[in-house]
Every structure is written in C-alpha cells, then in structure tokens.
Amino acid sequence: LTKRGAVFVWGSNKGGQLGTGISKDHRKGQEFVQRPKPLTIGDPPALVRSITCAPESSACVTMDGEVYVWGAFSYYMSHTNDFSIPIRVPGTPVP
C-alpha cells in the first residue's frame, strides 16, 4: 500500500489472495507473481487507506470507507465462484 492509496501485490496466489483473478496456473495452484503488480480495487478504481493480509485472503478499506475482500474466505461473501478479485462487502461504507 503506497502513501497515495495504490495497492501492489506479489508472491503466491494459491488462495486468490493477490486479487489478480483466476489464471490457468492459479487453477493448478501454481501462480506466483515475481514482481510487484498494481491491483485495481473497485469500479471505478478506488484509493485504499488500509489493508490486511492473511495466508490465503486479503481485505482493504478504501478512502470512501468501502470494504473489499478477496481470496479464500471471500468465496462465502460472493454471489459468484470468482473469489480471486476484490469483492465489495455489502453494507459498507464504514466511517
């Protein structure tokens, strides 16, 4: 997370925790991002004020107070099977 609210991701994406979407390699459990890659949060893209990461999931709060989740745990919050991209949590923004 940069001072200006941009998010960059890298490392293992086994559980979709990077938020970069599902790729052919991800389905095999082999996706690994070598260099920092920018991650788009929301549509239109939002700036992020805080972020938290776990072994196979991530979450953030945008400058507008919206909460987004992605990775293994966000599967239960999504109406689709694609948990590998940031999904806005209903009922947000938060103060």
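## The E3–E4 hairpin

Ala 54 stands opposite Ser 57 in strand E4, so let's start at this spot in the predicted model. Strands E3 and E4 run antiparallel and are joined by six bridges; two strands count as paired if DSSP finds at least two bridges between them. Helices (H or I, at least four residues) and strands (E, at least two) are DSSP runs, numbered from the N terminus. A hairpin of two residues carries the chain from E3 to E4.

Pro 55 sits in the loop between these strands. With a relative accessibility of 72%, Pro 55 counts as exposed. The scale used here calls a residue buried under 20% relative accessible area, exposed over 50% and partly exposed in between (1.4 Å probe, protein chains only). From C-alpha to C-alpha, Pro 55 and Gly 71 are 9.2 Å apart, with their positions 16 residues apart in sequence.

## The sheet around it

E3 and E4 belong to an open sheet of four strands, in the order E3-E4-E5-E6, with antiparallel pairing. The edges are strand E3 (48-54) and strand E6 (87-88), each of which pairs on one side only.

At the E6 end, two bridges join E6 to strand E5 (residues 67-71), and the two run antiparallel. Here Val 69 stands opposite Ile 87 of E6. Ile 87 counts as buried, at 15% relative accessibility. The C-alpha atoms of Ile 87 and Tyr 68 are separated by 5.1 Å, although the two residues are 19 apart along the chain.

## One salt bridge

How many salt bridges does a search of the whole structure find? The search finds one, where the term means a side-chain nitrogen of Lys or Arg within 4 Å of a carboxyl oxygen of Asp or Glu. The partners are Glu 66 and Arg 88, whose side chains meet at 3.1 Å, N to O. Glu 66 lies in the loop between strand E4 (57-62) and E5, and Arg 88 in strand E6, so the pair ties together parts that are 22 residues apart in sequence.

Side chains of opposite charge can pair when their charged atoms come close. In this pair, Glu 66 is partly exposed, with a relative accessible area of 21%. Arg 88 also counts as partly exposed, at 34% relative accessibility.

## Cysteines without a disulfide

The structure holds zero disulfides, a disulfide being a pair of cysteine sulfur atoms within 2.5 Å. Why does Cys 53 have no bond to Cys 60? The sulfur of Cys 60 is the closest cysteine sulfur to that of Cys 53, but at 9.3 Å it is too far for a bond.

The surroundings of these two residues can be read from their accessibility. Cys 53 is exposed, at 55% relative accessibility, whereas Cys 60 is buried, at 2%.

## Nonpolar cores

Cys 60 also appears in the largest nonpolar core, which has ten residues: Val 7, Val 9, Leu 18, Val 33, Leu 39, Ile 41, Val 48, Cys 60, Tyr 68 and Trp 70. A nonpolar core is a set of buried Ala, Val, Leu, Ile, Met, Phe, Trp, Tyr and Cys residues joined through side-chain atoms within 4.5 Å. Strand E1 (7-12), strand E2 (32-39) and E5 each supply at least two residues of this core. Apart from it lies another core, of five residues, including Ala 59, Val 61, Val 67 and Val 89.

Val 7 is a handy residue to look at in the viewer. Leaving out residues up to four places away in sequence, Val 7 touches Leu 1, Lys 37, Pro 38, Leu 39, Val 48 and Ile 51; contact means heavy atoms within 4.5 Å.

## A cis proline

Pro 44 is found in the loop between E2 and E3. The peptide bond leading to Pro 44 from Asp 43 is cis, with omega near 5°. As background, most peptide bonds are trans.

## The chain as a whole

The chain has one helix and six strands, in the pattern β-α-β-β-β-β-β along the sequence. Of its 95 residues, 39% are buried. Among contacts with a separation of 6 or more, 41% are between residues 24 or more positions apart.

The accessible surface comes to about 6000 Å², with 56% belonging to carbon and sulfur atoms. Such areas come from the Shrake-Rupley method with a 1.4 Å probe; for residues, only the protein chains shown count as cover.

## Reading the values

Residues are numbered from 1 along each chain as its sequence is written, and side-chain values use heavy atoms, leaving out hydrogens and water. Because this is a predicted model, local features need pLDDT of at least 70 and side-chain atom pairs count only at pLDDT 80 or more, while totals for chains, interfaces and linings use all residues.
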